[in-house]
Amino acid sequence: MPGIDKLPIEETLEDSPQTRSLLGVFEEDATAISNYMNQLYQAMRRIYDAQNELSAATHLTSKLLKEYEKQRFPLGGDDEVMSSTLQQFSKVIDELSSCHAVLSTQLADAMMFPITQFKERDLKEILTLKEVFQIASNDHDAAINRYSRLSKKRENDKVKYEVTEDVYTSRKKQHQTMMHYFCALNTLQYKKKIALLEPLLGYMQAQISFFKMGSENLNDQLEEFLTNIGTSVQNVRREMDSDVETMQQTIEDLEVASDPLYVPDPDPTKFPVHRNLTRKAGYLNARNKTGLVSSTWDRQFYFTQGGNLMSQARGDVAGGLAMDIDNCSVMAVDCEDRRYCFQITSFDGKKSSILQAESKKDHEEWICTINNISKQIYLSENPEEIAARVNQSALEAVTPSPSFQQRHESLRPAGQSRPPTARTSSSGSLGSESTNLAALSLDSLVAPDTPIQFDIISPVCEDQSGQAKASGQGGRRTNPFGESGGGTKSETEESILHQLFIVRFLGSMEVKSDDNPDVVYETMRQILAARAIHNIFRMTESHLLVTCDCLKLIDPQTQVTRLTFPLPSVVLYATHQENKRLFGFVLRTSGGRSESNLSSVCYIFESNNEGEKICDSVGLAKQIALHAELDRRASEKQKEIERVKEKQQKELSKQKQIEKDLEEQSRLIAASSRPNQASSEGQFVVLSSSQSEESDLGEEGKKRESEA
């Protein structure tokens, strides 16, 4: 519904000051709604309790409806449709102010029940969730403070485990409570409209049934108006139910996806450090000296803005300058027995700040980011690319750990450094690049404004399934329970080649050319640069199954086929010249953004140093498929030849049979014509049908024949 403002549920785990500030606006709006609904409830209560004062109560209701457009709601105050609707209701109620009686049961069921339910259930739910959220937020802050005070020199595993578990529990509770609180506040924007319209609609319907159709005030035009309002309420309710369902599903998905993030110090092997950042934001503990040897630590939200480090307290609308970090120095330090501390010193050495990160990953990322900003890399056109070249200076302050972005941002492919040959399919795999293709510009390969898809759309993609059907594949799901499903073998079981690789999907984009390996290298560069610019570091891990028929991306947990790429449609594939973890292939499909019927999409993946193996497997699969196709064609040709020979043999046998029948008929005709011819001696010559009968004839028979 247009005009509905919503709290971003996806940002609840970050719990930034901007989110808290926006939450304050929604809470202020909820308070205004509560105050206004209490007044409207009191007005309708007067209608129900005092039938003798019906005229005065309806007049007050009309007055409140007229004042709706004068209300200063922080959210949804400019809803002209709602204002005009309430103005129309106000006019109708003024016309009915002369009526002094109404059926109390109808008013109780149709008017008082919806607004009472909204007041007693929905508004109280908001207040309850607000209190629970405040308690959860305080518990989380207390747990974080205890966790931050853990000793590094005197580590106690039991205490550390208890504190870490307390942080995990409190953070999970705060996140879940905050998501449900946001959902309730978002739903309130719909419910306030329903709570306004439904009681009014019920009131009017009760009046219509009381005054009957003959009332001069209840004409056809009013009924049409009420019907439209009822339809509008139902539409709002359906939209609210759909939105609530979507938000609940989002909450469930975020709960599952955010479970590893509840741990304050995640495993660095599962969450790699990104060393090429030029922007970062998050909570840090700042050290403030209170005496010669004493100090306090305050937890605030810090973020970088250009060459400045900004800080923002919870609830503040905007942040303030904490330090100018251009040409500054940053290094890891030990401070007051606290872990993950680092010190920032200004370029003139007059100002320094000691900050504490929450985890080892954040600790290293903050140092690398500030180190990149201090060298004014953010002013360049490609800051991520240049940041990859200065990571060695950041490694002097932190312990190096392998990172996907660190390795790949420094390996941006250049046209002049590319080898003359690459692993490609079709003609590209059999020879070197042509001079014409090598002369093409990068813009002719990949358009600058081409959208990039960073994640797989769904576990079972409809487009790919349709594509599989068009290429003769059923597109069925892999049975996760290992059942045979009727005894028929799958394509992977019948295929000669069956190789499985672990890959991570980086992104895909539509390309203009599919006959030049440069398009794969340029796509790698653009996707990696876009991931670094937009801080997209999450990758979907899948199993890549290479067969003689297709390439399949399979979910490693559910064994469900996510995407299927027909092998004949894979027209180009290549691995990075320097980084063998990166590889990609171009898929030629029907449709696309271009006006032609065919379009090409380049898919980029990261593997475990198996890029060359995967390309070799794809090449082997295409060779096997080619030989299989040639064998199939030869077999079909041989069968066709055998069918022709068999047909010729049948024709020859049929011709011989016809000749034999004609010969037999001629013999029978000759035999039947000879007895009618008399010899010169007055005897007839008899032609027997077989020699056996001639040998069996006796002398008497010959005489009888002669006499005859």
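Student: How many contacts beyond four places in sequence does the model have for residues 677-697?
Tutor: There are 12 of them, and pLDDT stays under 50 over that stretch. Keep in mind that this is a predicted model.

Student: What about residues 699-708?
Tutor: The pLDDT is below 50 there too, and the model gives residues 699-708 three contacts beyond near neighbours in sequence.

Student: Okay, and what does the protein chain average?
Tutor: The average pLDDT is 76, and 76% of the residues score at least 70.

Student: Where is confidence lowest, and where is it highest?
Tutor: Helix H11, residues 435-438, is the low end with a mean of 36. The high end is strand E3, residues 308-312, at 92.

Student: Switching to rings. How many aromatic pairs does the structure hold?
Tutor: It holds 13. One of them is Phe565 with Phe585, an edge-to-face pair.

Student: What are the numbers for Phe565 and Phe585?
Tutor: Their rings sit 5.1 Å apart, centre to centre, with 75 degrees between the planes. Over 60 degrees counts as edge-to-face.

Student: Which strands are they in?
Tutor: Phe565 is in strand E12, while Phe585 is in strand E14, residues 582-590. The two parts are 20 residues apart in sequence, so the pair ties them together.

Student: Are those two buried or exposed?
Tutor: Phe565 and Phe585 are both buried.

Student: Which residues do ring pairs link into a cluster?
Tutor: Phe565 and Phe585 are in it, along with Phe505, Phe583, Tyr603 and Phe605.

Student: And charges over rings? Which residue lies over the face of Tyr283?
Tutor: That's Arg299, at 4.3 Å from the ring centre. There's also Lys119, which lies over the face of Tyr41, at 5.2 Å from that ring's centre.

Student: New topic: backbone angles. What is phi for Tyr340?
Tutor: About 55 degrees, so to speak on the positive side, although Tyr340 is not a glycine.

Student: Where does Tyr340 lie?
Tutor: In strand E6, which covers residues 338-345.

Student: Why does Tyr340 count as buried?
Tutor: Because its relative accessibility is 18%, and buried means under 20%.

Student: What about phi of Gln559?
Tutor: Gln559 has a positive phi as well, near 60 degrees, and this residue is not glycine either.

Student: Where does Gln559 lie?
Tutor: In the loop between strand E11 (550-554) and strand E12 (561-566).

Student: Is Gln559 buried or partly exposed?
Tutor: Partly exposed, because Gln559 has 29% relative accessibility.

How values were computed:
Residues numbered from 1 in each chain as written. Predicted model: local features only at pLDDT ≥ 70, side-chain atom pairs only at ≥ 80, totals over all residues. Heavy atoms only, no water. Helix = DSSP H or I, 4+ residues; strand = E, 2+ residues; numbered from the N terminus. Buried < 20%, exposed > 50% of the residue type's maximum accessible area, 1.4 Å probe, protein only. pLDDT = per-residue confidence, 0-100. Contact = heavy atoms within 4.5 Å. Phe/Tyr/Trp six-rings, centres within 6.5 Å; stacked < 30°, edge-to-face > 60°. Lys NZ or Arg CZ within 6 Å of the ring centre and 35° of its normal.
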